[in-house]
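Visitor: Please take one part of this model and go through it closely. I would like the neighbouring contacts included where they bear on it.

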Amino acid sequence: MAEQIRGGIANEAKSVVTRSAEETIAWGREFGRGLKAPLLVLLTGDLGSGKTTLTKGIVAGLGAAEEEDVTSPTFTLVHVYGDDAQSSGVAESASASLSATPTPTSAKSVVYHGDLYRIESFHDFETLGLEDAFSKPAVMILEWSEKFPLQAPWPQVRLKLEHMGGDTRRITVG
Ligand code: ADP
Ligand code: MG
């Protein structure tokens, strides 16, 4: 599967259908294993389409945290995984919104997981200081990134999630 995913990033859009949250997490884990920092991972899809669920797998695949420790940053806005120093500088001016998680030492890279759903103004978006993260290679996974333009010097990959009814979701890479 990893080969397929890498091919999907390099070539045309590829999609996969999952039939449970566990399947989405498992797919995310494989996908995460094939990623290399620096990278921006843009997740699009409606509420409940599985963006946070997929992120659990991606973060686990990157070795930055256990999937059960990855929670939605809907209210906290940005979570950081795999950062031993916990001193990313991101969201410094909104430190209450930044929560770091204890990290396995084998982490391949620092992972930021942001969610712009509750960000209402461009000013609030800027206050997050996401750009500060670009000073060091990391993987930044963003939910609702389409709400605000982020000037990112990193390569990016877009994952689109679609609710297909019941527990069925389609994930499209590209
Ligand atoms: P989002 O972050 O896009 O709002 P979440 O990942 O928070 O979505 O929520 C998705 C919900 O759908 C979770 O409760 C999850 O357990 C459930 N779910 C059911 N089937 C799937 C699936 N195939 N893939 C992902 N999540 C699923
Ligand atoms: Mg979410």
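Guide: What follows starts from one helix and moves outward to the salt bridges, a metal site and a set of strands.

This is a predicted model, in which local features need pLDDT of at least 70 and side-chain atom pairs count only at pLDDT 80 or more, while totals for chains, interfaces and linings use all residues. Residues are numbered from 1 along each chain as its sequence is written, chains are lettered from A and ligands numbered from 1 in the order in which they are written, and side-chain values use heavy atoms, with hydrogens and water left out.

The part chosen is helix H2, residues 21–33. Helices (H or I, at least four residues) and strands (E, at least two) are DSSP runs, numbered from the N terminus. H2 has 13 residues, and its first and last C-alpha atoms lie 18 Å apart, close to the 18 Å expected at 1.5 Å a residue; the expected span is 1.5 Å times one less than the number of residues.

The buried residues of H2 are Thr24, Ile25, Trp27, Gly28, Phe31 and Gly32. Buried means under 20% relative accessible area, exposed over 50%, and partly exposed in between, with a 1.4 Å probe and protein chains only. Viewed down the axis of H2, the buried residues fall within an arc of 165°, so they line one face of the helix. The arc is taken over the directions from the helix axis to the C-beta atoms.

H2 also takes part in salt bridges, each defined as a side-chain nitrogen of Lys or Arg within 4 Å of a carboxyl oxygen of Asp or Glu. The structure holds three of them. Arg33 and Glu30 form one, with the closest N and O atoms 2.4 Å apart; both residues lie in H2, three residues apart, about one turn of the helix. Arg33 is partly exposed at 48% relative accessible area, and Glu30 is partly exposed at 24%.

Another salt bridge joins Arg29 to Glu67, with the closest N and O atoms 2.4 Å apart. This pair links distant parts of the chain, 38 residues apart: Arg29 is in H2, and Glu67 is in the loop between helix H3 (51–61) and strand E3 (78–81). Arg29 has a relative accessible area of 25% and is partly exposed; Glu67, at 23%, is also partly exposed. A further salt bridge is formed by Arg170 and Glu162, at 3.2 Å from N to O.

Helix H3 leads on to the metal site. The protein donors of the magnesium ion (ligand 2) are Thr52 (OG1) and Glu143 (OE), lying 2.2 Å from it. Thr52 is in H3 and Glu143 in strand E6 (residues 139–143), 91 residues apart, a link between distant parts of the chain. Both donor residues are buried. Donors here are N, O and S atoms within 2.8 Å of the metal (3.2 Å for Na, K and Ca); water is not among the atoms, so sites may look incomplete.

E6 in turn runs parallel to E5, joined by five bridges; strands count as paired if DSSP finds at least two bridges between them. In this pairing, His113 stands opposite Ile141 in E6. E5 also pairs with E3, in the antiparallel sense, over four bridges, and Val80 has Tyr112 in E5 as its bridge partner. Five of the five residues of E5 (residues 111–115) are buried, so this strand is largely enclosed by the rest of the structure.
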